[in-house]
Amino acid sequence: MYTFGKCKEDYYDRKYVDFFVPLEKKIDFYYTWIKKNVTSFTVDEIKSFIDKIVLWYEFRYPNNYFDLEDVDSVMFGNLGKSCNKLEWHSFFNYDKFYYMLNSFEKSLLDKPKFPNMVDLYSGSRSHFHVDDDGTINDADDVWVRRKRPGDVMSCGVFFNGKNLKDVERINCDEELGLNIDNVKRIVSIIKFKESIREGLLDTIMYKMISSGGRYYGPRRAYLFAKEFGRNIDIPIKYGDSSLIKEYLENEGNEDLMCYIKYFDGDMDVSMSALEVLSHQNLIGNSTKVKRKVFK
């Protein structure tokens, strides 16, 4: 089973991870956090799964994908013209990859779901009916009595349409006085599982950048970030100048600080994205990669 705490520090903290410059430290932070907080699987198991996803993405988006405008003709040219229309990255898409995973691996990638009925406290007859994402749509025997005498009403006034994660705050702000111990327990479990998944996806992105190198790693990680809802600024911070150009052309943040010599072993040199664009000669040939990655 999962272990989890009541304090904010027990959840994977992305803001804290962002303070690290070396990708290896970002990766190690997640592994250390897993070792400290999770009992349902080992660090070696999570490392193996991360390596599997990185390898899948490298196979799905090989270096040639970024180097050539018509990668299909190179990969399938000898098989006949009908095969040239087959996009390699589509053939090995997420659905096909997910189908090949075991139940443990799927559970790590799936977004955690709330139980559809949540008691207010253990042994209570009062409970909320919630959707998979935690939205409250109904309740049974949930009544609130406010401080004013005789002011009794159903919970729908306060909770229907809200998320189960908001129940504790609303209960406090409105001084409803409900015993919601079980609600808080369920919310803690869901948040903890969400933090495992968030850390997993972030760490995969860091590993892609690190293992792929200056040119291909950040491009692969950018596509992964777009597909899995990661912060797209991260691959840009470690990429070469041609990535910066496309990033800014697509309304990227001009003030984004980029580690322009990271892959040269110098992590102390940084520039804003706009400054990098005007000093492309510092970090590589802007025509190195032809295929656009900003879809």
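**Helix α13 and the β1-β2-β3 sheet**

Mentor: In this predicted model, the buried residues of helix α13 pack against four elements: α11 (181-228), α12 (233-237), β6 (257-258) and α14 (273-277).

Trainee: What makes α13 a mostly covered helix?

Mentor: A residue is called buried if its relative accessible area is under 20%. Seven of the nine residues in α13, which spans 241-249, are buried, so by that cut-off the helix is described as mostly covered.

Trainee: Which residues of α13 are the buried ones?

Mentor: They are Ser241, Ser242, Leu243, Ile244, Glu246, Tyr247 and Leu248.

Trainee: What follows α13, and what is the sign of its phi?

Mentor: Glu251 follows the helix, with a positive phi near 65 degrees.

Trainee: Why is the sheet of β1, β2 and β3 called open?

Mentor: Its three strands are arranged in the order β1-β2-β3, with antiparallel pairing. β1 (117-119) and β3 (136-140) are the edge strands and have a single partner each, so one side of each lacks a neighbour in the sheet. From one strand to the next, the twist averages 25 degrees.

Trainee: How do you know that β2 and β3 count as paired?

Mentor: Pairing requires at least two bridges between the strands. β2 (residues 127-130) and β3 share four bridges in the antiparallel sense, so the criterion is met. In this arrangement, His129 stands opposite Asp138 in β3.

Trainee: Which helix lies across β1 and β2, and at what angle to β1 does it run?

Mentor: That helix is α11, and it runs at about 130 degrees to β1. α11 is also one of the elements against which the buried residues of α13 pack.

Note on methods:
Residues numbered from 1 in each chain as written. Predicted model: local features only at pLDDT ≥ 70, side-chain atom pairs only at ≥ 80, totals over all residues. Heavy atoms only, no water. Buried < 20%, exposed > 50% of the residue type's maximum accessible area, 1.4 Å probe, protein only. Helix = DSSP H or I, 4+ residues; strand = E, 2+ residues; numbered from the N terminus. Contact = heavy atoms within 4.5 Å. Axes fitted to C-alpha atoms, helices over the stretch in contact; angles between N-to-C directions.
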